[in-house]
Amino acid sequence: MFARTARGPLARMGTNRLPQNYRLPSVYHLLTEEPGEGVAQDALARDPKLAMIEAALLVTDEPLTARRLASAAGLGDAIEARRLVRRLQALYDEDGSAFQVEEIAGGFQLLTRPEFHPWLVRLRRSTNDLRLSAAARETLAIIAYRQPIMRSDVEAIRGVQCSELLRQLMEKGIIRIAGRDDSLGRPVLYGTTKKFLQAYGLKSLKELPLADQIGTHDKRKPEEADA
């Protein structure tokens, strides 16, 4: 999915308050700049705390945990952050926005909705660094379902040598060295990364489709992962 990433003053702001020269857009209809005291005048308006959560999600290019969101927005705890994220999700749904907040890879991320993928993929095709060959996807699938796994086991399953494919997948940041096996020579074990979860829109490895679901599963393809 495509996550819009902002740059500038917001990206450099402190964790406890907005920059002094920062003004929220008029759509937020704030009556005060003090957190907790703003009163929304319409159903889609944001109060200061909710606006801070939205700003934090906008500037990041990776999922933020509820604890990190709470710290960035100066909230009391992760529970409050989760409550505000749920409220923001509802606002995006009610507003018919092109964006949505998804819970993936252990955190929350602002992403575009699936129906916009075909157009966004075409726009970003030239910079798509997660385009994978069929052999790479096959190797990645073996690692995802059998991790932690040795290279020799991957090669035994595929029936071909996989050193170069493993190197490519590691360069793309979607697999990692997860440890070493206790067998002779202590060979390296491979596993997937947080970026893998992001690429497939998964909260955790528990959401990997079962074997009988793979043919009809509607998760994104890796070549569309950074769209």
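The legends below accompany close-up views of a predicted model.

**View 1. Overall secondary structure of the predicted protein, which comprises eight helices and five strands.** Read along the sequence, these elements follow the pattern α-α-α-β-β-α-α-β-α-α-β-β-α. Of the 227 residues of the protein, 41% count as buried. Among the contacts with a separation of 6 or more, 51% are accounted for by residues 24 or more positions apart.

**View 2. The largest nonpolar core, made up of 23 residues.** The residues with the most contacts inside this core are Leu-140, Ile-143, Leu-169, Ile-174, Ile-175 and Phe-196. Two or more residues are given to the core by each of helix H5 (134–146), helix H7 (163–171) and helix H8 (194–200), and H5 gives the most, with five residues. When its neighbours within four places in sequence are left aside, Phe-196 is in contact with Leu-140, Ala-144, Ile-174, Leu-202, Leu-205 and Leu-208. Apart from this core lies another, of 20 residues, which includes Leu-50, Ala-56, Leu-69 and Leu-88.

**View 3. The contact of helices H5 and H7, whose axes come within 10 Å.** The two axes cross at roughly 80 degrees, and because angles of 65 to 115 degrees count as roughly perpendicular, H5 and H7 are therefore described as roughly perpendicular to each other. On the H5 side the contact is made by Ala-135, Ala-136, Thr-139, Leu-140 and Ile-143, which meet Leu-165, Leu-166 and Leu-169 in H7. The residues of this contact divide into seven nonpolar, one polar and no charged. Leu-140, Ile-143 and Leu-169, which take part in this contact, are also among the residues with the most contacts inside the largest nonpolar core.

**View 4. The open sheet of three strands, arranged in the order S3-S5-S4 with antiparallel pairing.** Strand S3 (149–150) and strand S4 (175–180) stand at the edges, each with a single partner strand, so that one side of each is left without a neighbour in the sheet. S4 pairs with strand S5 (residues 188–192) in the antiparallel sense over five bridges. Within this part of the sheet, Ile-175 stands opposite Thr-192 in S5, and Ile-175 is also one of the residues with the most contacts inside the largest nonpolar core. Helix H5 lies across S3, S4 and S5 and runs at about 95 degrees to S5.

**View 5. The cis peptide bond that joins Gln-147 and Pro-148.** Omega of this bond is about -5 degrees, and Pro-148 lies in the loop between H5 and S3. As background, most peptide bonds are trans.

**View 6. Two loop residues, Ala-105 and Arg-186, with positive phi.** In general, most residues other than glycine have a negative phi. Ala-105, although not a glycine, has a positive phi of about 50 degrees, and its place is in the loop between strand S1 (99–104) and strand S2 (107–112). Arg-186 has a phi near 45 degrees, again a positive value in a residue other than glycine, and its place is in the loop between S4 and S5. With respect to accessibility, Ala-105 counts as buried at 10% relative accessibility, whereas Arg-186 counts as partly exposed at 42%.

**View 7. The contact of helix H2 (residues 66–73) with helix H3 (residues 78–95), whose axes come within 8 Å.** These axes cross at roughly 90 degrees, and H2 and H3 are therefore roughly perpendicular to each other. Ala-66, Arg-67, Leu-69 and Ala-70 of H2 make the contact together with Ala-78, Ala-81, Arg-82 and Val-85 of H3. The residues of the contact divide into six nonpolar, no polar and two charged. Leu-69 of H2, which takes part in the contact, also belongs to the core of 20 residues.

**View 8. Ala-90 in helix H3, shown with Val-101.** Ala-90 has a relative accessible area of 41% and is partly exposed. The C-alpha atoms of Ala-90 and Val-101, which are 11 residues apart along the chain, are separated by 9.3 Å.

Note on methods: Residues are numbered from 1 along each chain as its sequence is written. This is a predicted model: local features need pLDDT of at least 70, side-chain atom pairs count only at pLDDT 80 or more; totals for chains, interfaces and linings use all residues. Side-chain values use heavy atoms; hydrogens and water are left out. A nonpolar core is a set of buried Ala, Val, Leu, Ile, Met, Phe, Trp, Tyr and Cys residues joined through side-chain atoms within 4.5 Å. Buried means under 20% relative accessible area, exposed over 50%, partly exposed in between (1.4 Å probe, protein chains only). Helices (H or I, at least four residues) and strands (E, at least two) are DSSP runs, numbered from the N terminus. Contact means heavy atoms within 4.5 Å. Two strands pair if DSSP finds at least two bridges between them. Axes are lines fitted to C-alpha atoms, for helices over the stretch in contact, and angles run from 0 to 180 degrees between N-to-C directions. Angles under 35 degrees count as roughly parallel, over 145 as roughly antiparallel, 65 to 115 as roughly perpendicular and the rest as oblique. Ala, Val, Leu, Ile, Met, Phe, Trp, Tyr, Cys and Pro count as nonpolar, Asp, Glu, Lys and Arg as charged, and the others, Gly among them, as polar.
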